[in-house]
Amino acid sequence: LNGDDSVVPKADPDLRTCTITEAARRYRISRPTMYRMIKSGRVRTIPLNGVSRVLIQSLVDCANANR
């Protein structure tokens, strides 16, 4: 906006998300297995526009923990 001195922060890469279906596909597991991982707390989600979205960083952290 003209005359507005506010600063818009760069997108935080830790807040990138995907759908539960896409998360399951990326992790190469079934959707029910992804739901179990979410329920157990191994994968984190956030509500976004009325639906749960998986935090991509959570998938990375989970994959690294399984190594």
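Which residues does S58 touch, not counting residues up to four places away in sequence? In this predicted model, S58 touches R42, V43 and R44. S58 lies in helix α3. Its relative accessibility is 3%. Buried means under 20%, so S58 counts as buried.

The overall layout comes next. The protein chain holds three helices and three strands. Read from the N terminus, the order of elements is β-α-α-β-β-α. The chain has 67 residues, and 22% of them are buried. Its accessible surface is about 5300 Å². Carbon and sulfur atoms account for 52% of that surface. Contacts also link parts of the chain that lie apart in sequence. Among contacts with a separation of 6 or more, 49% join residues 24 or more positions apart.

The strands build one open sheet of three strands. Strands of a sheet pair through backbone hydrogen bonds, either parallel or antiparallel. Here the pairing is antiparallel, and the strand order is β1-β3-β2. β1 and β2 stand at the edges. Each has a single partner strand, so one side of each is left without a neighbour in the sheet.

The pairing of β2 with β3 can be followed residue by residue. Strand β2 covers residues 45–48 and pairs with β3 in the antiparallel sense over four bridges. Within this pair, I46 stands opposite R53 of β3. P47 stands opposite S52 of β3. The two strands form a hairpin, with two residues between them. One residue in the turn, N49, has a positive phi of about 55°.

Helix α1 spans residues 20–27. Three of its residues, I20, A23 and A24, are buried. They cover an arc of only 100° around the axis, which puts them on the same side of α1. A general rule of helix geometry applies here. An α-helix has 3.6 residues a turn, so residues three or four places apart point the same way.

What do the buried residues of α1 pack against? Their partners are two strands and two helices: β1 (17–18), β3 (51–55), α2 (31–40) and α3 (56–65). Helix α3 is also the place of S58. After α1 comes R28, with a positive phi near 60°.

Methods: Residues are numbered from 1 along each chain as its sequence is written. This is a predicted model: local features need pLDDT of at least 70, side-chain atom pairs count only at pLDDT 80 or more; totals for chains, interfaces and linings use all residues. Side-chain values use heavy atoms; hydrogens and water are left out. Buried means under 20% relative accessible area, exposed over 50%, partly exposed in between (1.4 Å probe, protein chains only). The arc is that of the directions from the helix axis to the C-beta atoms. Contact means heavy atoms within 4.5 Å. Accessible areas come from the Shrake-Rupley method with a 1.4 Å probe; for residues, only the protein chains shown count as cover. Two strands pair if DSSP finds at least two bridges between them.
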